[in-house]
Amino acid sequence: MIKIALIGAGKMGISHLAILGAHPDVEVVGVADTTKMVTEVLSKYTNFQCFSDYNKMIEEERPDAVVVAVPTKYHASLVERLLNEGIHVFVEKPFCLNVNDGIALTKIANEKNLVNQVGYHNKFIGTFLEAKKLIDQGAIGEILHFSGDMNGPVVIKQKQSNWRSKPEEGGGCLMDYAAHLIDLINYLVAPISNIQGAILKSFYSGAVEDSVFSLVETENHISGVINVNWSDETYRKMSTQVTIIGSEGKIIVDATELKVYLKNDIVSSNYTKGWNIKHINDFSEDVDFYLRGEEYSAQMDHFIKAVQQKVPNHINNFESAAQTDYVIDLIRNYNN
Amino acid sequence: MKRILFGDNQFFGVNHISDEKSRAQAIRFKEDATILNTLDKAISNGVTTFMCTTHDRIAPLCDTIRKDPEKYEGFMMYPCLPYAHKYANAVTELGIVGTLKQYVPGNFFASIFKGGYAFVSKDYISMMELMIDAEMKMFAGINTPVIFLQNVITDLLLGLGMKDFFRAYHSYIKHKYNAEPGYITMNMPKLLDFLESAGIENPIICSSINIDGFRMSGGKELYEHTLRTRNLRAIAMQVLSGGATPPQKAIEYICSLPGIESILFGASSKANIQETVSLIRQYDKQFQFSEL
């Protein structure tokens, strides 16, 4: 059994906690949160041991691993503290407010040989994984251009402020939302290294942007467009779509559907010349416990397996998340 | 419960295997009249139970149904609460405490906050009861013999191991609404174990069951084994795996399984409703005969 503790029982934290609670290889040794109502409900109605002070939890329970789901501004110091205690860390996205913090944490984690993972769950969605496989196989030839679209109904009216509406705390569409798309493009295409133009526009939020429009270039000089708007109520929930144009075809992929257009048949595969349409149920792998999507269980399972040394720690590690932080920074700086 | 139940995903842009289709459906069902028209087609095919989330758009449909008792005689609705996206978006914006403040009716929440967080366990259960009442308001006067807990909440409570909330939900639905409590889940075998351990016997459980094993957590074999050997009133949903499998093959599989009391499906067109209904009836007959 792996002893895991949770710090931060907000929306993502509670969701992780339910997944950890149902995992056969995990013993949840503690939950820390500063909201008294949350720890009170959990103490009253669950068997989880709750703490208002995470330091006390770490000292008393000595977890093998910790899941961190606190507001982004606390990530760097908290993760550093955990790594220095020799604890494996899963932390929610985005990784760090400051790129250098992320790089430093990557170094510590690697030096201490600790498992490190960030919650970019798209990389556990079957359609995106299949797209990556096709791209790596050269199915659409040389990549010429891509466009990434992400829309959803997060902020659809003027609203009261919380940490998500404070830029200095990691709020705003770029850090909190577009991060997913940037991370996915870094993975599917190549790391973005250059920004040719960026507009960060606020529609309702005032202090932070509600949209990110940017012209970008990857380190191997592939051009792309990023188009993110979290104030679009015509989308029922977050929707992420990437279109990749290659010399031999094109891929349009989102979390449910993979559309592949090929100029020629691919020998010994089930992809043929013309359009090929696949759906998530063609790829999604069974999980033992499902909550809100296979990807949330799959990413946590991957983290647990990495701690058990059953799989390498190569998906969503700190290094790749720091790279995403870097692109966020580039876009922010271009705009300023 | 009737053998065939009609679902509502298609009306509200919910499609598990295509975001694109889901947006097209949201456009198609913009008008309430279009939804009612499709419901009428289901009714004329003998499908008189409508299982629906407590989406805002259900309220005007309820009004129409109440106004025409003759036309909707024998018609039943199975509410599924809550409409989770509403709360999920609110939690992102307002936090957990802020969301409860906003959605727990009246000044109940304000009054328990005044006490400096000195809550007793009963308060949270009463809070849940108030939220159930708020969600159920729109169904007043409509026959709702089964009331479901939506899968996001069921599975969250399951993962957290919150037995008391299941017990409280179960008993509140029975006593206050004189209805059967039902549970939607993506983790049917696990949920059944858990409900039984909470003292809830032979529960109504609605879960994905399909030939492809899609969204059947723990695996298709475990589901089949559970259906064969355990006590539950099972409803199969996502029987067409979101539309990816040929209907004939999908329905044949479902009808061949023992222990499934009802089949839930949703469709937008008259032709699809007819096809699914007649396939279920055809295979039901075939498997009944083979049992004799």
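1. How many residue pairs are in polar contact across the interface of domain 1 of chain A and domain 2 of chain A? The rule finds five such pairs, both residues being at pLDDT 80 or more, where a polar contact is a pair of N or O atoms within 3.5 Å, one of which, within protein, must be able to donate a hydrogen and the other to accept it, and residues adjacent in sequence count only if both atoms are side-chain atoms. The rule also finds one salt bridge across this interface, a salt bridge being a side-chain nitrogen of Lys or Arg within 4 Å of a carboxyl oxygen of Asp or Glu.

2. This is a predicted model, in which local features need pLDDT (the predictor's confidence in each residue, from 0 to 100) of at least 70, side-chain atom pairs count only at pLDDT 80 or more, and totals for chains, interfaces and linings use all residues. Residues are numbered from 1 along each chain as its sequence is written, chains are lettered from A in the order in which they are written, and side-chain values use heavy atoms, with hydrogens and water left out.

3. Chain A is divided into domain 1 (2-120) and domain 2 (122-281 + 317-335), bounds that come from an automatic or database domain assignment, and the C-alpha centres of these domains lie 27 Å apart. Their contact (heavy atoms within 4.5 Å) takes 23 residues from domain 1 and 22 residues from domain 2 of chain A.

4. Between the two domains about 1800 Å² is buried, 66% of it from carbon and sulfur atoms; buried area is the accessible area (1.4 Å probe) that two parts lose on being put together, summed over both. On the side of domain 1, Leu97(A), Val99(A) and Tyr120(A) lose the most area to domain 2, together 37% of what that side buries.

5. Chain A and chain B bury about 4100 Å² between them, with carbon and sulfur atoms giving 58%, and the contact takes 46 residues from chain A and 50 residues from chain B. The count between these chains is two salt bridges and eight residue pairs in polar contact, both residues at pLDDT 80 or more. Glu20(B) forms a salt bridge with Lys259(A), the closest N and O atoms being 2.2 Å apart.

6. Chain B has a mean pLDDT of 89, and 91% of its residues reach 70 or more. Over residues 114-118 of chain B, however, pLDDT stays under 50, and the model has two contacts for them beyond four places in sequence. Where pLDDT is low, the predicted coordinates should not be read in detail.
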